[in-house]
Amino acid sequence: MDNEYNDTVHYLYNSAPVFEHVGASAYKEGLSNTLALDEHFGHPHTHFLSIHVAGTNGKGSCSHTLASILQADGYKVGLYTSPHLVDFRERIRVNGEMMPKQYVVDFVKENKEFFEPLHPSFFELTTALAFKYFTEQHVDIAVIEVGLGGRLDCTNIITPILSVITNISFDHTQFLGNTLAKIAGEKAGIIKDGVPVVIGEDVPETRPVFEAKAETMRSTIVFAQDKPLVTSARVNAKGGRDYKTKYFGDIHYELGGDYQDKNANTVLNACMMLMDKNVIRDVDSVAKGFANVCESTGLMGRWQTISEHPKAVCDTGHNVGGWQYLAPQIAQQPCRRRRIVFGMVDDKDIDKVLSMMPRDAVFYWTQPSNKRAFPVEKVAEEAKKQGLVGRMFKNVKEAYKAALADSSDDDFVFVGGSSYVVADLLA
């Protein structure tokens with residue numbers, strides 16, 4: 001079975017252009033393929049309720065947390081996210097369980113005659129696969145994370161009961177525009193007629209864009225920044241976060257990372273909306289969902305502890321918006337020596353991210369096993385311009401092993417810069 005499954009995933013990667021592998025050439029503008037696939041499978045997305053989550057950063061954490069809360073409330077929950085870290089099937093889960101390998105194999109075997117002439121992108125095919133699977137599994141509700149942007153994303157055929165836009169920062173500017181207002185306009189494309197929307201974070205450039213779109217669509221809009229439901233936050237003994245909240249009591253969040261405080265406030269505002277709609281029926285489900293998000297949904301790579309002595313953490317934060325939180329948190333770790341294993345892919349602002357690095361760290365430059373990776377030599381060269389000197393390693397595993405070998409028990413090791421660096425580490 002494993003061989004057949006691996007061959008099928010290999011086929012999906014190689015017959016349909018994959019953004020993670022080839023970048024811009026995999027991006028297909030327009031929804032014609034998505035609509036053709038949707039028609040072919042009998043409009044599966046109309047058979048379950050959905051929540052749609054967009055944003056530059058935080059959409060993965062928010063999607064998994066909302067799914068965990070809905071599971072705690074007794075629903076059968078579909079969860080569609082991207083990219084995956086180790087196994088393709090991480091993208092499509094029901095109550096935290098990945099879809100069976102056989103299902104992926106059968107889907108391709110039975111439908112490739114139909115889809116091959118369309119030349120769909122990998123993400124178009126994967127979205128069709130997810131919606132079909134959720135329908136056949138009779139999920140009550142699915143949390144659907146946008147792939148890229150919003151307006152033209154192939155997930156945007158759904159009419160959800162709630163839309164969530166976490167935040168806007170510069171990422172994928174070649175598709176979404178080179179101003180925050182333009183990027184917000186693309187993300188605001190998920191706001192549907194009469195469907196309420198929660199905006200996690202906004203800035204003076206993006207707020208009017210969201211307000212105008214919500215008004216056009218007659219959507220109730222809530223800006224989570226204006227409604228702080230988290231009243232205090234601190235790190236707990238397990239490395240997660242402890243929150244005091246306005247309406248939900250004390251919450252223990254299984255996810256660590258300073259940036260989760262904003263995500264938590266976004267999720268709590270979304271929960272208020274879902275309680276108003278009587279979707280969340282038991283207020284205790286909220287705290288339960290926060291406390292068990294990794295067990296409930298299989299989430300990995302969010303300020304995840306991978307070693308205790310020395311303390312080592314990995315995180316998928318991969319752009320300037322993510323590093324605004326990661327860099328200070330790394331700098332604040334109590335330790336004798338900070339060691340950073342770092343690589344990036346080529347559509348990110350590497351200079352800006354490197355400028356945020358703690359100056360006193362020891363660096364291990366590397367590259368993920370991805371066609372879009374910055375070559376390690378390029379990373380080292382860019383870093384050197386900024387006065388950051390480190391050693392070069394041809395892969396993540398070697399870089400991490402070297403960092404551990406150099407460390408004493410009271411050092412701190414961070415591994416990241418890209419989801420693909422974390423994927424290589426966890427694989």
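Let us begin with one residue, Glu-382, which is found in helix α15, spanning residues 376–385. The structure we are discussing is a predicted model. Is Glu-382 buried or exposed? Its relative accessibility is 5%, and buried means under 20%, so Glu-382 counts as buried. If we leave aside the neighbours within four places in sequence, Glu-382 is in contact with Ile-350, Asp-351 and Leu-354. Of these partners, Leu-354 lies 28 residues away from Glu-382 along the chain, and the C-alpha atoms of the two are separated by 8.0 Å.

I turn next to Val-345. This residue is found in the loop between β14, residues 338–342, and α14, residues 350–355. With a relative accessibility of 3%, Val-345 counts as buried. Which residues does Val-345 contact, leaving aside its neighbours within four places in sequence? They are Pro-368, Asn-370, Arg-372, Ala-373, Phe-374, Ser-418 and Tyr-420. Asp-261 offers another reference point for Val-345: the two residues are 84 apart along the chain, and their C-alpha atoms are separated by 27 Å.

Let us now consider the chain as a whole. It contains 17 helices and 17 strands. The radius of gyration is 21 Å, close to the 22 Å that the globule rule gives for 427 residues, so the chain is as compact as a globular protein of that length. Along the principal axes, the C-alpha trace spans about 55 × 50 × 40 Å.

How much of the chain is buried? Buried residues make up 59% of the 427 residues. The accessible surface comes to about 17,200 Å², and carbon and sulfur atoms account for 50% of that surface. As for contacts, consider those with a separation of 6 or more: 72% of them are between residues 24 or more positions apart. Charge can be described as well. The chain has 45 positive and 54 negative side chains, and the centres of these two sets lie 3 Å apart.

We come to the interior. In soluble globular proteins, nonpolar side chains tend to be buried together. In this model, the largest nonpolar core has 38 residues. Ile-51, Leu-66, Leu-70, Leu-162, Val-286 and Phe-290 are the residues with the most contacts inside that core. Several elements give two or more residues to the core, among them β1, at 49–54, α4, at 59–72, and α11, at 284–291. Which element gives the most? It is α10, with 7 residues.

Leu-70 allows us to look at one member of this core in detail. Apart from neighbours within four places in sequence, Leu-70 is in contact with Ile-51, Tyr-75, Val-77, Ile-141, Val-143, Val-279 and Ile-280. There is also a second, separate core of 35 residues, which includes Tyr-11, Val-94, Phe-115 and Ile-144.

From the cores I move to a loop. Asn-57 lies between β1 and α4. At 14% relative accessibility, Asn-57 counts as buried. Its contacts, again leaving aside neighbours within four places in sequence, are Thr-166, Asn-167, Ser-169, Asn-319, Gly-321 and Gly-322.

Finally, some remarks on the backbone. Most residues other than glycine have a negative phi, and most peptide bonds are trans. Where does this chain have cis peptide bonds? One runs from Ser-82 to Pro-83, with omega near -10°. Pro-83 lies in the loop between β2 and β3, the latter at 92–94. Another cis peptide bond joins His-309 and Pro-310, with omega about 0°. Pro-310 is found in the loop between β12, residues 304–307, and β13, residues 311–315.

Two histidines deserve a place beside these prolines. His-43 has a positive phi of about 50° although it is not a glycine. It lies in the loop between α3, residues 32–40, and β1. His-119 likewise has a positive phi of about 50° and is not a glycine. The place of His-119 is in the loop between α5, at 101–115, and α6, at 122–136.

How do the two histidines stand in accessibility? At 33% relative accessibility, His-43 counts as partly exposed. His-119, at 54%, counts as exposed, because exposed means over 50%.

Methods
Residues numbered from 1 in each chain as written. Predicted model: local features only at pLDDT ≥ 70, side-chain atom pairs only at ≥ 80, totals over all residues. Heavy atoms only, no water. Helix = DSSP H or I, 4+ residues; strand = E, 2+ residues; numbered from the N terminus. Rg over C-alpha atoms; globule rule 2.2 N^0.38 Å. Buried < 20%, exposed > 50% of the residue type's maximum accessible area, 1.4 Å probe, protein only. Contact = heavy atoms within 4.5 Å. Areas by Shrake-Rupley, 256 points an atom, 1.4 Å probe, with all protein chains shown as cover. Lys, Arg positive; Asp, Glu negative; His and termini not counted. Charge placed at Lys NZ, Arg CZ, Asp CG, Glu CD. Core = buried A, V, L, I, M, F, W, Y, C linked by side-chain atoms within 4.5 Å.
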